[in-house]
Structures are given as C-alpha cells and as structure tokens.
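Got the viewer open and a hand on the mouse? Let's take a walk through this one, stop by stop.

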Amino acid sequence: MDNLKHAVGDTVKIKSKGWYDTSKDKYTGDIRFPDGKEPFVRGMDKFCGKTATIINMCTHEYVLDVDRCRWFWNDEHLED
C-alpha cells in the first residue's frame with residue numbers, strides 16, 4: 001500500500017504524549033502534515049505511547065486494534 005512501512009499483523013507503538021504536546025496546534029490540538037496525510041487529531045492523544053496491532057490497511061493509513069477502528073493512523077503517528 002502506498003509506501004507504508006508496516007503490514008497487517010505488525011505490532012507498532014504510537015508516538016509519545018511528549019511528541020503530541022510539543023507538536024500540536026495550540027488552538028485545535030491537531031497535528032497536520034505537509035504531505036496531506038491524515039492528521040493526528042485531539043482525541044488520538046489518549047493512545048500516545050500505547051502498543052497496538054495493525055488489523056487493516058487503507059491506501060495511506062492503518063487501522064489499529066486499540067481504538068475500535070475509530071481513527072486512521074499513518075507512519076507519522078507511529079514510532080520508527
């Protein structure tokens with residue numbers, strides 16, 4: 001899928017709360033990326049630092065098991 005680093009079944013770690021707190025927009029709480037990928041939005045921060053398993057993939061994003069498929073995640077949201 002469109003140059004994603006991971007595959008279904010991989011275990012990944014969501015970036016830290018410190019990353020979120022220092023990167024978020026002070027008004028919206030969102031982190032937007034210049035390449036137009038799915039932003040990291042307020043509400044996703046409760047998953048910061050957690051380990052998750054990729055259960056599905058879309059063109060540019062992952063679906064993780066930690067959030068009941070509520071959010072779309074991408075490589076910028078995950079630790080390397």
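Start by selecting tryptophan 19, which counts as buried because its relative accessibility is 18%, under the 20% cut-off. One thing to keep in mind as you click around: this is a predicted model.

**Stop 1: a pair of rings**

Keep tryptophan 19 and add phenylalanine 40. Phenylalanine 40 is buried, with a relative accessible area of 0%. These two rings form an edge-to-face aromatic pair, 5.0 Å centre to centre with 90 degrees between the planes. Tryptophan 19 belongs to helix 1, while phenylalanine 40 sits in the loop between helix 1 and strand 2, so the pair links distant parts of the chain, 21 residues apart.

Now add tryptophan 73. Phenylalanine 40 pairs with this ring too, again edge-to-face, at 6.0 Å centre to centre and 75 degrees between the planes. Tryptophan 73 is in the segment after strand 3, 33 residues away from phenylalanine 40. Both phenylalanine 40 and tryptophan 73 are buried.

To see the whole group, colour Trp19, Tyr20, Phe40, Phe47 and Trp73, which form one aromatic cluster. By the ring-pairing rule, the count comes to four aromatic pairs.

**Stop 2: around phenylalanine 40**

Which residues does phenylalanine 40 touch, leaving out those up to four places away in sequence? Show its neighbours and you'll find, among them, Ile14, Gly29, Ile31, Phe33, Cys48 and His77.

**Stop 3: the core**

Zoom out a little for the largest nonpolar core, which has 20 residues. Pick out Ile14, Phe40, Tyr62, Leu64 and Trp73, the ones with the most contacts inside this core. Helix 1 (17-23), strand 2 (51-57) and strand 3 (62-64) are the elements that give two or more residues to the core. The largest share, three residues, comes from strand 2. As a general point, nonpolar side chains tend to be buried together in soluble globular proteins.

**Stop 4: the strands**

Switch to a cartoon view and select strand 1, residues 11-13. Strand 1 pairs with strand 2 in the antiparallel sense, over three bridges. Click threonine 11 and look across: threonine 53 in strand 2 stands opposite.

Then move to strand 3. Strand 2 and strand 3 are also antiparallel, with three bridges, and they form a hairpin with four residues between them. Here, methionine 57 stands opposite tyrosine 62, and Tyr62 is one of the core residues from the last stop.

**Stop 5: the salt bridges**

Last stop: charged side chains. How many salt bridges does the structure hold? There are seven, and three are worth a click.

- Select lysine 17 and aspartate 21, whose side chains meet in a salt bridge at 3.2 Å, N to O. Both lie in helix 1, four residues apart, about one turn of the helix. Lysine 17 is partly exposed at 37% relative accessibility, and so is aspartate 21 at 39%.
- Try arginine 32 with aspartate 30, where the closest N and O atoms are 3.4 Å apart. Arginine 32 is exposed, with a relative accessible area of 58%, whereas aspartate 30 is buried at 14%.
- Finish with glutamate 76 and lysine 37, which meet at 3.7 Å, N to O. Glutamate 76 lies in the segment after strand 3 and lysine 37 in the loop between helix 1 and strand 2, so this pair ties together parts that are 39 residues apart in sequence. Lysine 37 counts as partly exposed at 23% relative accessibility.

Before you close the viewer, highlight Lys17, Asp21, Lys24 and Asp45: salt bridges that share partners join these into one network.

How values were computed:
Residues numbered from 1 in each chain as written. Predicted model: local features only at pLDDT ≥ 70, side-chain atom pairs only at ≥ 80, totals over all residues. Heavy atoms only, no water. Core = buried A, V, L, I, M, F, W, Y, C linked by side-chain atoms within 4.5 Å. Buried < 20%, exposed > 50% of the residue type's maximum accessible area, 1.4 Å probe, protein only. Contact = heavy atoms within 4.5 Å. Pairing = 2+ DSSP bridges. Phe/Tyr/Trp six-rings, centres within 6.5 Å; stacked < 30°, edge-to-face > 60°. Salt bridge = Lys/Arg side-chain N within 4 Å of Asp/Glu carboxyl O.
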